[in-house]
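Open the model in your viewer and keep the sequence panel beside it. Each stop below says what to select and what is there.

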Amino acid sequence: MQFNSYIFILLFLPIALIFYFTLHHFGKERWAKAFLLGMSLWFYGYFNVSYLAIICASICVNYLLSRGMTGGKEGRSKYLLWTGIVFNVALIFYFKYYDFFLSNINAVFGTDFVLKNILLPLGISFFTFQQISFIVDSYKGETRDYSFLDYALFVAFFPQLVAGPIVLHSELIPQFKDKAKWRPDFDNLSDGLILFSRGLAKKILIADTFGNAVDYGFSRAAIYATGESALSPREILIVMLAYTFQIYFDFSGYSDMATGLGAMFNFKIPMNFNSPYKALSVADFWKRWHMTLTRFLTNYVYIPLGGNRKGKVRTYINVLLVFLISGIWHGANWTFILWGVIHGLGQCFNKATHGLYKKIYSSLEKSSAGSVLTAILKAIQWCVTFIFINVTWMLFRADSIKMFWQMLRRIFVPYYYVGNEVLEYFRIPKITYVFNKLGIGISEHGLLVLCTTVTMLAALVLVLAFPNNYESKRKKNVFNLLGTCALLVLCILSMGKISQFLYFNF
């Protein structure tokens, strides 16, 4: 089941809200939580019933391991900790990387191991990392005596189940027990509805529009090797920008919707997205993009490896390892691994030059034209960072490193043709109507170029000039109520075919 589906919006969500709060109204706390757990498992099993066996087994094993650490001896607890980590990593490896591993062995050694073509269970990377954090915290003695029901609901709670954020037990389980959250709250319901509607609009009205052009562009790029066809340099730039905006509005939209759904149930879900394209460096980008993944990798990988406490060389090695893990986590393809390494190198570069930038900014503050020069330097930093993000997103989306390299090289070919095929995805009928009414003559190609330019600039303004939905003020008035309802209705009418969120693949 997906957030952007009729069954979820018109059936699943109303049932979940009504019965959850009704059961609490009659004092049935355990029944309310059990009902919400059941609904969450229905939400997950709707994709594929066989997924339920995987997530239920994972929940049971991890809960038993964490309980075994309670009051146990150090040696026993450490054994259970490593058992839990190996179990969870093995679970991801089997479903996500088994075929990738065998195919690379076959390619290198000429073997003929049979691939299993294993179907990847949705959300396995997210709920597995979430449980690893719980196991580690249990070993540290930081988890409380949670019931199995509380733990299972913490893992399976549907808003964050299949694409994050990666929530910590201390952020969610205590909220299940807070009696103040057992009754409907108008402010939370209205906040949640506004966030959900805005996130749905980002997905359906913006991300999917860019996604159509991206799918077309990369399908064309996929036949580069045959020499039959190729995108022109300008078409590659358009497709590259389109993917940059698609993944932004797709993931940002999902994060808004997850937060909004949590608010409807009076639960506060941690922020996972903070205007990442406003970043002035790679380090700044990762403080803003998929924030809970960055937090997990920092707290449960980087710091245990030694963080920055063991000298510069070890710090850089730790950073590269963290980003290598991030790349592998995102998918079973060498493109993701290389993407992670490149971002790791970018992070190392930021660490190496951080002191230099501090000195430059400090000296600029003392200059008579300091504010102007500072603004120019920040603009340059933003441009370099945004270009870096665009190019690495192209690698992230490419089917292979070969495809990425061919597209990257072709950008610099002095050939300026742009076909109407890719531009057609950005057609804005109202612009055509305005030109016709004003009697302004313009070619079909010129019209499509104008529409594409307007769409790209509008997307850029949205990501740079406006606060994100976590920071924006959501006033409770008639205007916002009507606007939210109109936006929700527009999204529902525009759904058509259901498109999957990009991070469902990871």
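Select asparagine 117: at a relative accessible area of 64% the residue is exposed (exposed means over 50%, buried under 20% and partly exposed in between, with a 1.4 Å probe and protein chains only). Asparagine 117 sits in the loop that runs between helix H4 (74-109) and helix H5 (124-139); helices are DSSP runs of H or I with at least four residues, and strands are E runs of at least two, numbered from the N terminus. The phi of asparagine 117 is positive, near 50°, in a residue other than glycine.

This is a predicted model, in which local features need pLDDT of at least 70 and side-chain atom pairs count only at pLDDT 80 or more, while totals for chains, interfaces and linings use all residues. Residues are numbered from 1 along each chain as its sequence is written, and side-chain values use heavy atoms, with hydrogens and water left out.

Next, select histidine 290, in the loop between H10 and H11. Histidine 290 is not a glycine, yet has a positive phi of about 45°. Is histidine 290 buried or exposed? Its relative accessible area is 0%, so histidine 290 is buried.

Move to helix H9 (residues 233-264) and pick serine 252. Serine 252 has 2% relative accessibility and therefore counts as buried. Show the side chains of serine 252 and lysine 202: a polar contact of 2.6 Å joins them (a pair of N or O atoms within 3.5 Å; within protein, one must be able to donate a hydrogen and the other to accept it, and residues adjacent in sequence count only if both atoms are side-chain atoms).

Also in helix H9 is isoleucine 236, buried at a relative accessible area of 0%. Measure from its C-alpha to that of arginine 410: isoleucine 236 and arginine 410 are 8.1 Å apart in space and 174 residues apart in sequence.

Finish at helix H13 (residues 334-365), where the end C-alpha atoms of the 32 residues are 44 Å apart; this agrees with the 46 Å expected at 1.5 Å a residue, the expected span being 1.5 Å times one less than the number of residues. At the start of H13, a side-chain oxygen of asparagine 333 comes to within 3.0 Å of the backbone nitrogen of threonine 335. Farther on, select threonine 353, where H13 bends by about 45° (the angle between axes fitted to the seven residues ending there and the seven starting there).
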